[in-house]
Amino acid sequence: MPVREALRRLVAERALELLANRRVSVPHMTPARLDELCAARLALEPLAAVRALPHVDAARLAELRRIDAGIDAALAAGEVERYLQLNQLFHLTLYRAGEPQVLIPLIESLWLQFGPFMRATIGRIGASYVLDRHVEALAALERRDPLALRLAIESDIRDGMGSLSHEELLRLYRDAAAPAERSASARE
C-alpha cells in the first residue's frame with residue numbers, strides 16, 4: 001500500500017503520469033512544458049529566496065556555503081547525480097529558511113516535474129556546461145541584498161537551460177521521446 005500511495009501522490013504532483021494500461025511513466029517533456037516549468041520556477045523561486053533572506057542566519061549561511069563547496073567538487077569531478085542532488089538541496093535549504101508554508105510545496109512540485117528532464121539532459125551532455133550562480137546568491141545573502149539575491153536566483157535558473165542552444169534542446173526532446181515511441185510501437 002505505501003508504494004501505491006507514493007505513486008498516487010507522484011501522479012497528483014504531475015511528476016508521473018498514469019497510462020491507460022495502469023502503468024506509470026515520466027511525462028513527456030515538450031518545449032511548451034519546459035518553458036512553462038521554467039517560467040513557474042522564475043516566478044516562485046526568487047520570491048521564496050527574498051522572503052527567506054531575513055531568516056538566513058550565520059548557521060544557515062555556513063550550511064549553504066558547505067553545500068556549494070560540494071556542488072563545486074561534484075562539477076569538477078563530473079558527478080552529475082551528486083551535482084543535481086546538491087543543487088536542489090542548496091535551493092531548498094535557502095527557501096526553507098523562512099519556513100514558508102505555501103511556496104515550498106509548489107516549488108517541490110516543480111522540481112519533481114523538472115528533475116527527470118534535467119537529469120537526462122545533464123546526463124547526456126555532462127556537467128561541464130553548468131554555470132554556478134550560487135556564489136552570487138551567497139554574496140547577496142551575506143550583504144542582505146534582496147535585489148542581488150533575486151537576480152542571482154533568476155540567473156541560476158535561466159543559465160540552467162539557457163546555455164543550451166535551441167537545436168540542442170530539440171535534439172534532447174527527440175532523444176528523450178525516441179525510447180518511449182519505440183516502446184509504444186513494440187507493444188502494438
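Visitor: Why is Arg-41 called buried?

Guide: In this predicted model, Arg-41 has a relative accessible area of 5%. Buried means under 20%, so Arg-41, at 5%, counts as buried.

Visitor: Where does Arg-41 sit, and what is it in contact with?

Guide: Arg-41 is found in helix H2. If you leave aside neighbours within four places in sequence, Arg-41 is in contact with Pro-46, Leu-110, Trp-111, Phe-114 and Ile-157.

Visitor: What makes Arg-41 and Glu-45 a salt bridge?

Guide: Their side chains meet at 2.5 Å, N to O. The cut-off is within 4 Å, for a side-chain nitrogen of Lys or Arg and a carboxyl oxygen of Asp or Glu. An Arg and a Glu at 2.5 Å fit that, so the pair is a salt bridge. Both residues lie in helix H2 (residues 31–52), four residues apart, which is about one turn of the helix. Glu-45 is buried too, just like Arg-41.

Visitor: What makes H2 oblique to helix H4?

Guide: The axes of H2 and H4 (residues 80–95) cross at roughly 50° and come within 8 Å. Under 35 degrees would be roughly parallel, and 65 to 115 roughly perpendicular. An angle of roughly 50° falls in neither range, so H2 is oblique to H4. Glu-45 turns up here again: with Ala-48, Ala-49 and Ala-52 of H2, Glu-45 makes the contact with His-91, Leu-94 and Tyr-95 of H4.

Visitor: How do you know that Arg-65 and Glu-142 form a salt bridge?

Guide: Their closest N and O atoms are 2.6 Å apart. Set that against the limit of within 4 Å, and the pair qualifies.

Visitor: Which parts does the pair of Arg-65 and Glu-142 tie together?

Guide: Arg-65 lies in helix H3 (residues 58–77) and Glu-142 in helix H6 (residues 134–143), so the salt bridge links parts that are 77 residues apart in sequence.

Visitor: Why is Arg-65 called partly exposed, while Glu-142 is called exposed?

Guide: Exposed means over 50%, and partly exposed covers the range between that and the buried limit of 20%. Arg-65 has 36% relative accessibility, so it counts as partly exposed. Glu-142 has 52%, so Glu-142 counts as exposed.

Visitor: How do you know that H3 is roughly antiparallel to H6?

Guide: H3 and H6 pack at an angle of about 170°, with their axes 11 Å apart. Anything over 145 degrees counts as roughly antiparallel, so that label fits H3 and H6. H3 passes H6 in a left-handed crossing. Arg-65 and Glu-142 are part of this meeting as well: Leu-61, Leu-64, Arg-65, Asp-68 and Ile-71 in H3 meet His-134, Val-135, Leu-138, Leu-141 and Glu-142 in H6.

Visitor: What makes Arg-143 and Asp-145 a salt bridge?

Guide: The N to O distance is 3.6 Å. The rule asks for within 4 Å, so this pair passes. Asp-145 has a relative accessible area of 26%, which lies between 20% and 50%, so Asp-145 is partly exposed.

Visitor: How many salt bridges are there in the whole structure?

Guide: The search finds six, the three we met among them.

Visitor: And what is the protein built from?

Guide: Eight helices and two strands, in the pattern α-β-β-α-α-α-α-α-α-α along the sequence. Of its 188 residues, 40% are buried.

Notes:
Residues numbered from 1 in each chain as written. Predicted model: local features only at pLDDT ≥ 70, side-chain atom pairs only at ≥ 80, totals over all residues. Heavy atoms only, no water. Buried < 20%, exposed > 50% of the residue type's maximum accessible area, 1.4 Å probe, protein only. Axes fitted to C-alpha atoms, helices over the stretch in contact; angles between N-to-C directions. Left-handed = near helix turned anticlockwise from the far one by under 90°. Contact = heavy atoms within 4.5 Å.
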